[in-house]
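This briefing is meant to be read beside the sequence and the structure. Please look through both before turning to the points below.

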Amino acid sequence: MCYLLTCGVYQTRGLGDQKLSQLCHAGVMGQLEKIWSDAVAEVHQIVVGPMDNNVYILRCRRTGDAMLVDAANEHEALLEICQQLGVTQVVETHGHWDHIQAVPAVRDAGISVAVTSADAGMLPSYDLILDDDETLSVGDLRIKTLATPGHTPGSICFTVEGTNLLFTGDTLFPGGPGNTSFEGGDFPTIIESIDRRIFARFDPDTLVLPGHGTSTTVGNESPHLEEWVDRGW
């Protein structure tokens, strides 16, 4: 629902020696941008809605098939993008209201929507249930699911095989975990998810693409885990 906040200010930290060329800065509101690409895949981003949600489109370059991550808001713009970029499916990182406002419209357009069983009740409607350690296909691309509860009981991340991409929703941001003060959130659980399921499994150069704001890397965030535990948010 809401990302990392302290007294209403979004928290970021300097990137130090990280390669700035690897990072994607927060997009311009309402403007579609290609933010990452390699020989087989590309990622587009648009920022929508009153919470400045990042919506990502992961596209297979050979087939043109694409997946949209979080049908957050501004359904007319998202439907146009879906048609333009060949989106055939939508996945939801979690069920908070600001990430799901366009779900009915994309389903009405014939695009399937997938969410975890733990968060499915937050959506007005859906088509498929996502499980942990599942493999999804988008053209030639293989996307692995990674359950990361804590922000919500059913929060889930997505990684793309053969790339350094990790879509984290509201689980991990520059400067710490997502907000756990809402119903269903739990701080020890999100810390365990970040520590054991992200930091312990992914290389330092893994690109973290969050649900709001600017991207970061695992290497930039992992040294600060104990700081987050000590501060309690």
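The buried residues of helix 1 pack against four strands, namely strand 4 (41-48), strand 5 (53-60), strand 6 (66-69) and strand 7 (87-91). The model is a predicted one, and the points that follow start from this helix before moving to the rest of the chain.

**Helix 1 and its surroundings**

- Helix 1 spans residues 75-85, and its buried residues are Leu78, Ile81, Cys82 and Leu85; because these residues cover an arc of only 105° around the axis, they lie on the same side of helix 1.
- An α-helix has 3.6 residues a turn, so residues three or four places apart point the same way.
- The face of helix 1 turned away from the buried side carries the exposed residues Glu76, Glu80, Gln83 and Gln84.
- Glycine 86 follows helix 1 and has a positive phi, near 75°.

**Arginine 59 in strand 5**

- Arginine 59 has its place in strand 5, one of the strands against which the buried residues of helix 1 pack.
- When neighbours within four places in sequence are left aside, the contacts of arginine 59 are Val40, Ala41, Glu42, Gly64, Asp65, Ala66, Leu85 and Leu141; Leu85 in this list is also one of the buried residues of helix 1.
- Arginine 59 and serine 37 are separated by 22 residues in sequence, while their C-alpha atoms are 9.2 Å apart in space.

**Three aspartates in loops**

- Most residues other than glycine have a negative phi, and most peptide bonds are trans.
- Aspartate 52, although not a glycine, has a positive phi of about 50°; aspartate 52 is placed in the loop between strand 4 and strand 5 and is partly exposed, with a relative accessible area of 37%.
- Aspartate 70 likewise has a positive phi, of about 75°, without being a glycine; aspartate 70 is found in the loop between strand 6 and helix 1, where its relative accessible area of 2% makes it buried.
- Aspartate 119 lies in the loop between strand 8 (112-116) and strand 9 (128-130), and it counts as buried because its relative accessibility is 0%.
- Apart from neighbours within four places in sequence, aspartate 119 is in contact with His94, Gly95, Thr152, Pro153, Gly154 and Ser155; the C-alpha atoms of aspartate 119 and serine 155 are separated by 7.5 Å, although the two residues are 36 apart along the chain.

**Helix 3 and the aromatic pairs**

- In helix 3 the buried residues are Phe187, Ile190, Ile191, Ser193, Ile194, Ile198 and Phe199; they cover an arc of only 155° around the axis, which puts them on the same side of helix 3.
- The exposed residues Pro188 and Arg196 are carried by the face of helix 3 that is turned away from its buried side.
- Two aromatic pairs are found in a search of the whole structure; in one of them, the ring centres of phenylalanine 199 and tryptophan 228 are 6.1 Å apart and the ring planes stand at 50°, so the pair is tilted.
- This pair links distant parts of the chain, since phenylalanine 199 belongs to helix 3 (residues 187-199) and tryptophan 228 to helix 5 (residues 225-231), with the two positions 29 residues apart in the numbering.
- Both phenylalanine 199 and tryptophan 228 are buried.
- Arginine 231 has its charged end over the ring of tryptophan 233, at 3.8 Å from the centre of that ring.

**Cysteines**

- Zero disulfides are found in a search of the whole structure.
- Cysteine 60 counts as buried because its relative accessibility is 1%, and cysteine 157 is buried with a relative accessible area of 0%.

**The chain as a whole**

- The secondary structure of the chain comes to five helices and 17 strands, and 53% of its 233 residues count as buried.
- Among the contacts between residues at least 6 apart in sequence, 55% join residues at least 24 apart.
- The accessible surface of the chain comes to about 9,700 Å², and carbon and sulfur atoms account for 47% of that surface.

How values were computed: Residues are numbered from 1 along each chain as its sequence is written. This is a predicted model: local features need pLDDT of at least 70, side-chain atom pairs count only at pLDDT 80 or more; totals for chains, interfaces and linings use all residues. Side-chain values use heavy atoms; hydrogens and water are left out. Rings of Phe, Tyr and Trp (its six-membered ring) pair if their centres lie within 6.5 Å; planes under 30 degrees apart count as stacked, over 60 as edge-to-face and the rest as tilted. Buried means under 20% relative accessible area, exposed over 50%, partly exposed in between (1.4 Å probe, protein chains only). A charge sits over a ring if NZ of Lys or CZ of Arg is within 6 Å of the ring centre and within 35 degrees of the ring normal. Contact means heavy atoms within 4.5 Å. Accessible areas come from the Shrake-Rupley method with a 1.4 Å probe; for residues, only the protein chains shown count as cover. A disulfide is a pair of cysteine sulfur atoms within 2.5 Å. The arc is that of the directions from the helix axis to the C-beta atoms.
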